[in-house]
Amino acid sequence: MSETDVPTPYVPASVEPKWQSRWAERGTNTAKLDAPTKPFYALMMFPYPSAEGLHVGNLFAFTGSDISARFHRLLGHDVFQPLGFDAFGIHSENYALKVGAHPMELTPKNVANFTRQLGRAGFMVDWNQKVDTSRADYYKWTQWVFLQLHKQGLAYKKAAAVNWCPTDKTVLANEQVENGLCERCGTAVEQRFLEQWFFRISDYAPRLLANLDWLDWSPVTRQAQRNWIGKSEGAELTFDIAAHDASVTVFTTRADTIYGATYLVLAPEHPLVGALTTDAQRDAVTQYVDATKKQDLISRKSSKEKTGVFTGSYAVNPATGAQIPVWIADYVLMEYGTGAIMAVPGHDERDFEFAQVFNLPIVRVVAGPDDHADTPLGDAAFTDDDHGRLVNSGQFDGLAVQEAKRTVTTWLEGKQHAKAVTNYRLHDWCISRQRYWGPPIPIIYCDDCGAVPVPESQLPVELPFISDFKPDDSGISPLARHEEWYRVPCPTCSKPARRETDVSDTFLDSAWYFLRYPSANHADVPFDAARTKTWLPVNSYIGGNEHAVLHLLYSRFITMVLKDGGFIDFEEPFTRFRAHGMIIREGAKMSKSKGNVINPDVYMEEWGADAFRMYLMFLGPYEEGGDFRDQGISGVRRFLDRLWSSVRDASTEGAPDAEVLRKMHRTIKKVGEDTANLAYNTAIAAMMEYMNAVRRGERAPHRDELLPLVQLVAPFAPHLAEECWEQLGHSGSVFDAGWPVFDAAMLVDNTVDLVVQVNGKVRSKLHVPVDITQDAALALAMQEEGVAKFVTGEPKKVIFVPKRLLNIVV
RNA sequence: ACCCGGAUGGCGAAAUCGGUAGACGCGAGGGACUUAAAAUCCCUUAUCCGCGAGGGUGUGCGGGUUCGAGUCCCGCUCCGGGUACCA
């Protein structure tokens, strides 16, 4: 063997850069944005460009999206797959503070590093259309989005008790608080009162909820949004206050239990507390209200111990006419419902606990199937509302709970004491952040004109470069310390005025970025009308379920607002959404503190990007995630090596093997179906199985046996596929070659293995024609000694499933 | 507490409709090739009894439906994720 005959080994380090630069030269990944015949917008969740670089979780997510995008391209779509950077936000700012750098200088570096790593992984990204939320050419339009909401009356300012993180020195959205701790740094969150900008997302709750019924989204994601929106149907009931010209309105989902309402509870912040408090109770109530105010929002919500104070006043139960005491307690929240409840200790766990602590009367008004009106309640409230019937409830005795909810509400409505009401637990979206690293909210405060929106012609309100961007505990944004920026003339009257110094929430940046991509290079509009019409809504969105509520809900909301404003003609941004799973390592969660974080660069270096991509997809079902084990990657690499050498060894002489061809057509079918369903792990397994058939016993493969395999593997291992495609004599990209078509005739078997069972236990297998009759199969089976010996006497029954099994019951 | 997932060999996992449990891969053991090693290829690999042919058992636990259950139903246990005093 001469030197030149030595087979060239597969060296990803030379194959991968070759194709990456060729893709760039040829514009392979550039979408036909203006004249697509079959546009397909494939979106992946853009990353926050951390200083640590790309996380393996990012890569797992992107690879799955990329495979889907490449697959659709092979199917003949004009695929547009952009990517960008969610570069604003507290992450970047905190990191900059930690290392003593400036986010405005750090971010471009991180973006560059991410771009390098993403390029290395070989994604089919159209980099001409990138987006960076921290650049003025992007956030100019984020500010524009704010102005549209403002114009529609959906942005408003109010003083509110907010979650305050003493470490990050900023307000947090409820969604950013986990178990009373800051989602980012783990510090216990406190309560503060600040003037904040809010968006009226709660106005959209019914619409956001209703559309979930038809959206083609992962069921888990839709369920998470349903829970978050938290629709609750019930009634507002009005209780007159004895000896006062006042009444208290409560919200309840259990109007049927009105006869068991033995006291009322108001939130300590309830506006009527002062008026209802008697002189005798004044000191106790004031003390309790003050204590509640000082307590942070979180320990108030996490502590389940029931505390409260009697106001001294009594309300009249509109059903019984009885006078019942009015209490205040912090387990009633001002921000939900009416801030007041009727307490039914017999049938609500919290009211039961409270009544026990304060010795308030507990009455049974609902009886379970085994109970009667006087069955004692024991040590818990009876809360089953599906199997209960009313008792001790006057004319309503005997009604089922569900029916009684309506009947009692209607009855009280007739007495002007009730109104059917639907409540949502979705709160308005607080977008104010007392921070530096975000888009300034485009509002100017004028002593004469009030809060004036910055005219669109004056956008962007640029974020100035300041060196002292560290937040302090004043609760005021660092921007306020910069007079030259802070002081501006009023846009309306030109008198001296002041800028809003809060910046907006990062989630606003990401709530519309998908609209920007197709128009990323349009300086004059946020999104070009024609491009938007062509490409949106997004055909396929793939991302992590950690964004199931925040990002995805906000994006839907902003899209609805823009539709209502007449800017776009659709109200749901993502036609199809699929949530991918999580990657763990050797059975454990990855974390910096455990030191088990995977650095993608290391693996791509050792095994190649294609092997790494493919291994990530092989770990387990994409939508469930997988367990990364270092040893496993060698199996995938071996497969790629075999494909490589098969292509080198491929012959064009003779004809392909008939059995291999049959397997090939089955594989084309299976890989196509699995890839469409994101079942990447089984698609890869099918390709491996086919590879085994092709190379069984070191046989020399035929070129025609390999061509379709190269196309099948292309979405998974794009560099290797391109190289093999070229090796097999093509000059263009494999991604323009189309997806192979299977021949249905090749899938049909003439014979099949029929399983023979006796009483459900496998006793034999018969190799028989597919169309064998039951009688013929039975006759054949009875000739088998291993079957006959279990069949004593006449079979009681014979079950025959064509092509599958024969079960003889004796 | 509530709402979602999930539990299958030594390990990651497969099993489209209720029809051969364990595809594919890792690891392990054996063999071929080699002076040798690596690489490659072939075989074995759920478990128990048996020399073998063969047979029994087996998909977290306990019941049930069915000719037949990993898959469906009822009741639990454990693990992961989300929400959490939402009236």
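Start by selecting Leu678, in the loop between helix H21 (658–676) and helix H22 (680–695). This is a predicted model, so read every number on the tour as computed from predicted coordinates. Leu678 is not a glycine, yet its phi is positive, about 60°. Is Leu678 buried or exposed? It counts as buried, because its relative accessibility is 3%.

For a second positive phi, jump to Lys803, in the loop between strand S31 (797–801) and strand S32 (805–809). Here phi is about 70°, again on a residue that is not a glycine. Lys803 is exposed, with 54% relative accessible area.

While you're checking backbone torsions, pick up two cis peptide bonds. One runs from Leu459 to Pro460, with omega near 0°. You'll find Pro460 in the loop between strand S21 (450–453) and helix H13 (483–486). The other joins Leu536 and Pro537, with omega about 0°. Pro537 sits in the loop between helix H16 (529–535) and strand S25 (540–544).

Now zoom out to the whole of chain A. Its C-alpha trace spans about 105 × 90 × 50 Å along the principal axes. You should be able to colour 26 helices and 32 strands. Of the chain's 810 residues, 54% count as buried. Among contacts with a separation of 6 or more, 72% come from residues 24 or more positions apart.

Next, show H5 (residues 136–151) and H17 (residues 550–564) on their own. Their axes come within 10 Å and cross at roughly 65°, and H5 passes H17 in a left-handed crossing. Which side chains meet there? From H5, select Trp144, Val145 and Leu149; from H17, select Phe557, Ile558, Val561 and Leu562. By class, that contact is 7 nonpolar, no polar and no charged residues.

Keep H17 on screen and add Trp429. Trp429 and Tyr554 make a stacked aromatic pair, 3.7 Å centre to centre with 0° between the planes. Trp429 belongs to strand S18 (residues 429–430) and Tyr554 to H17, so the pair ties together parts 125 residues apart in sequence. Both Trp429 and Tyr554 are buried.

There's plenty more of this to find: a search of the whole structure turns up 50 aromatic pairs. Try Phe85 with Phe114, where the ring centres are 6.3 Å apart and the planes stand at 85°, so this pair is edge-to-face. Phe85 is in the loop between strand S2 (78–80) and helix H3 (90–99), while Phe114 is in helix H4 (residues 103–121), 29 residues away. Phe85 and Phe114 are both buried.

For a bigger selection, put up Phe46, Trp217, Tyr513, Phe514, Tyr517, Tyr541, Phe574 and Phe577, which form one aromatic cluster. Leave Trp217 visible and add Arg556, which lies over the face of Trp217, at 5.8 Å from the ring centre. Another Arg on a ring is Arg364: its charged end sits over Phe382, 5.8 Å from the ring's centre.

On to a second helix pair, H20 (residues 633–649) with H23 (residues 703–713). Their axes are 11 Å apart and pack at an angle of about 145°, and H20 passes H23 in a left-handed crossing. Phe639, Leu643, Ser646 and Val647 on the H20 side meet Leu706, Leu709, Val710 and Val713 on the H23 side. The class count here is 7 nonpolar, 1 polar and no charged residues.

Two single residues round things off. Select Asp610 in helix H19 (residues 609–618). Asp610 is buried, at 0% relative accessible area. Leaving out residues within four places in sequence, what does Asp610 touch? Its contacts are Tyr10, Glu16, Leu640, Phe716, Ala717, Pro718, His719 and Leu720. If you draw a C-alpha distance from Asp610 to His767, 157 residues along the chain, it comes out at 41 Å.

Finish at Gln323, in strand S13 (residues 323–328). Gln323 is exposed, at 52% relative accessible area. Beyond residues up to four places away in sequence, Gln323 touches Ala242, Tyr314 and Ala315. From Gln323 to Asp240, 83 residues apart along the chain, the C-alpha separation is 9.6 Å.

Technical notes
Residues numbered from 1 in each chain as written. Chains lettered and ligands numbered in written order. Predicted model: local features only at pLDDT ≥ 70, side-chain atom pairs only at ≥ 80, totals over all residues. Heavy atoms only, no water. Axes fitted to C-alpha atoms, helices over the stretch in contact; angles between N-to-C directions. Helix = DSSP H or I, 4+ residues; strand = E, 2+ residues; numbered from the N terminus. Left-handed = near helix turned anticlockwise from the far one by under 90°. Contact = heavy atoms within 4.5 Å. Nonpolar A, V, L, I, M, F, W, Y, C, P; charged D, E, K, R; others polar. Phe/Tyr/Trp six-rings, centres within 6.5 Å; stacked < 30°, edge-to-face > 60°. Buried < 20%, exposed > 50% of the residue type's maximum accessible area, 1.4 Å probe, protein only. Lys NZ or Arg CZ within 6 Å of the ring centre and 35° of its normal.
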